[in-house]
Amino acid sequence: MNLLNCADISFFDSFIIMGPHSCKDYMPSPGMATSNSSNSLNGAHHYEMMGLPSTPMPWFGMDIGGTLSKLVYFEPKDMTDDESDSEIETLKNIRRYLTKNSAYGSTGHRDIHLQMDNVEVGGRTGTLHFIRFPTSEMGNFLELAKSKGMATLITTVCATGGGAYKFEDSFRREVNMKLAKFDELDSLIRGMLYVETNNPRECYYWANPTDSDRCHKVAYDFSKPYPFLLVNIGSGVSVLAVYGPHDYRRVSGTSLGGGTFLGLCCLLTGCNSFEEAIELASAGDNSHVDKFVKDIYGGDYQRFGLPGDLVASSFMGLYSFGQMNSKEKRTSVSREDLARATLVTITNNIGSLARMCAINEKVNRVVFAGNFLRVNPISMKLLAYAMDYWSNGTLKALFLEHEGYFGAVGCLLAFNEEVS
């Protein structure tokens, strides 16, 4: 089944040849030099002669998640005249293609609003570009790489995420490409701290999250971060207690994450993408699906401080006393209502888990990250309200602009450190 159009082919064709080379590619054993390793060695030597890092461009980091693959491309802005003159046409074409487009067919997207200028990576100054595509397209990517004859190229891409292990044999077998793998959680924290340091407005919180007229984002000073709880919401959820840049532990997690939301929404509403699911949820009303405290008590449950508009049972009620096992009640529920109820259910579960972990770890700042929060202000505001309300104001829910890209940034940084 062909899911790629011509523009998709151009995108993936470019990606195939743009991964950073490993040290082994540049330093073959005596008597084992090949045409590829010889060219690579000459390229590395040329960089060293100019006093530049020995890893030739382009620099590229990849986080292969269960649902979405994230790519970070570093575009150098400090190239010397000699470096520009010696750059092969292929690399120039790659850079032009990646930086002049915001969409690559129907599956690849560059988040222009997240672009970071004048940042330093591996001793070079340049721009970080952030690109994403569905991991479900990986098979097409590998098939395309094979059909284009790229299997003769020996290239290494730094990668993290579960897909770096899942697809490792496929990469090697189909396109003879090596993956330099880096730990997912190490990369996540490394990337997050780097991006936050280089973007003064990276971290923020929601003020007045339940008031649509007064709700707004406020920048948060995260210059002294430790300790904090990091809740990474991707296909599933990992909760990390972070006490220093290299001092952290995974304290909890759940399988009910962004992948659960998308899967249930596709089943319940017939939607086909995360963006469509969020759009449906934005127009829905979960009170048509969920049962609230007021539906049971007629108002607040004052003894335990439970407000009447708190969800008592997800997907149980319809209006005041209806039950979802009633066919008449079910037919009155819209696709939008079902999407909203699904989103609220998943978000509330994550919020409860995060709060319990924060109490156990005795931390008062909870940072939420991951692509589940992309184009999803509903969940962010729910989390912001829940953290504040249930902790009587002692817990602060914080969010990050680059959400799901930290793993890709972190492994790119780690790769350049290892090479240097």
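Is Glu-276 buried, partly exposed or exposed? At 26% relative accessibility, Glu-276 counts as partly exposed. Welcome to this structure, which is a predicted model. The points below walk through its salt bridges, one of its helices, a patch on the surface and a sheet of seven strands.

**Salt bridges between distant parts of the chain**

- The count of salt bridges comes to 16.
- Glu-276 takes part in a salt bridge with Arg-335, with 3.7 Å from N to O. Arg-335 belongs to helix H14 (residues 335–361) and Glu-276 to helix H11 (residues 274–282), so this pair ties together parts that are 59 residues apart in sequence.
- Like its partner, Arg-335 is partly exposed, and its relative accessible area is 36%.
- Some salt bridges share partners, and in this way Asp-111, Arg-132, Glu-275 and Arg-374 are joined into one network.
- Another salt bridge brings Lys-217 and Glu-401 together, where the closest N and O atoms are 3.1 Å apart. This pair also links distant parts of the chain, 184 residues apart: Lys-217 sits in strand E10 (residues 216–219), and Glu-401 in the loop between strand E19 (396–400) and helix H16 (406–419).
- Lys-217 is partly exposed at a relative accessible area of 38%, and Glu-401 is partly exposed at 25%.

**Helix H8, inside and out**

- Helix H8 covers residues 168–175, and its buried residues are Glu-168, Ser-170, Phe-171, Glu-174 and Val-175. Because they cover an arc of only 165° around the axis, these residues are on the same side of H8.
- H8 also holds a salt bridge, formed by Asp-169 and Arg-172, with the closest N and O atoms 3.1 Å apart.
- Why are Asp-169 and Arg-172 separated by about one helical turn? The reason is that they are three residues apart in helix H8.
- As a rule, an α-helix has 3.6 residues a turn, so residues three or four places apart point the same way.
- Asp-169 is partly exposed, with 48% relative accessibility. Arg-172 is partly exposed too, with a relative accessible area of 43%.
- Just after H8 comes Asn-176, which takes a positive phi of about 55°.

**A nonpolar patch on the surface**

- Which residues form a nonpolar patch on the surface? They are Leu-264, Leu-267 and Leu-268, and together they have about 300 Å² of accessible area.
- Leu-264 is found in helix H10, which runs over residues 258–269. The relative accessible area of Leu-264 is 36%, so this residue is partly exposed.

**The seven-stranded sheet**

- Seven strands make up an open sheet with mixed pairing, in the order E10-E9-E19-E18-E11-E12-E13.
- At the edges are E10 and strand E13 (247–254), each of which pairs on one side only.
- On average, neighbouring strands of this sheet are turned by 30° against each other, with direction ignored.
- In general, the strands of a sheet pair through backbone hydrogen bonds, either parallel or antiparallel.
- Strand E11 (residues 228–233) and strand E12 (residues 237–244) run antiparallel and are joined by six bridges. Here Ile-233 stands opposite Val-237 in E12.
- The sheet also connects back to the salt bridges: edge strand E10 is where Lys-217, the partner of Glu-401, lies.

Note on methods
Residues numbered from 1 in each chain as written. Predicted model: local features only at pLDDT ≥ 70, side-chain atom pairs only at ≥ 80, totals over all residues. Heavy atoms only, no water. Buried < 20%, exposed > 50% of the residue type's maximum accessible area, 1.4 Å probe, protein only. Helix = DSSP H or I, 4+ residues; strand = E, 2+ residues; numbered from the N terminus. Arc of directions from axis to C-beta. Salt bridge = Lys/Arg side-chain N within 4 Å of Asp/Glu carboxyl O. Patch = residues over 30% accessible without salt bridge, like charges linked within 9 Å, V, L, I, M, F, W, Y side chains within 5 Å. Areas by Shrake-Rupley, 256 points an atom, 1.4 Å probe, with all protein chains shown as cover. Pairing = 2+ DSSP bridges. Axes fitted to C-alpha atoms, helices over the stretch in contact; angles between N-to-C directions.
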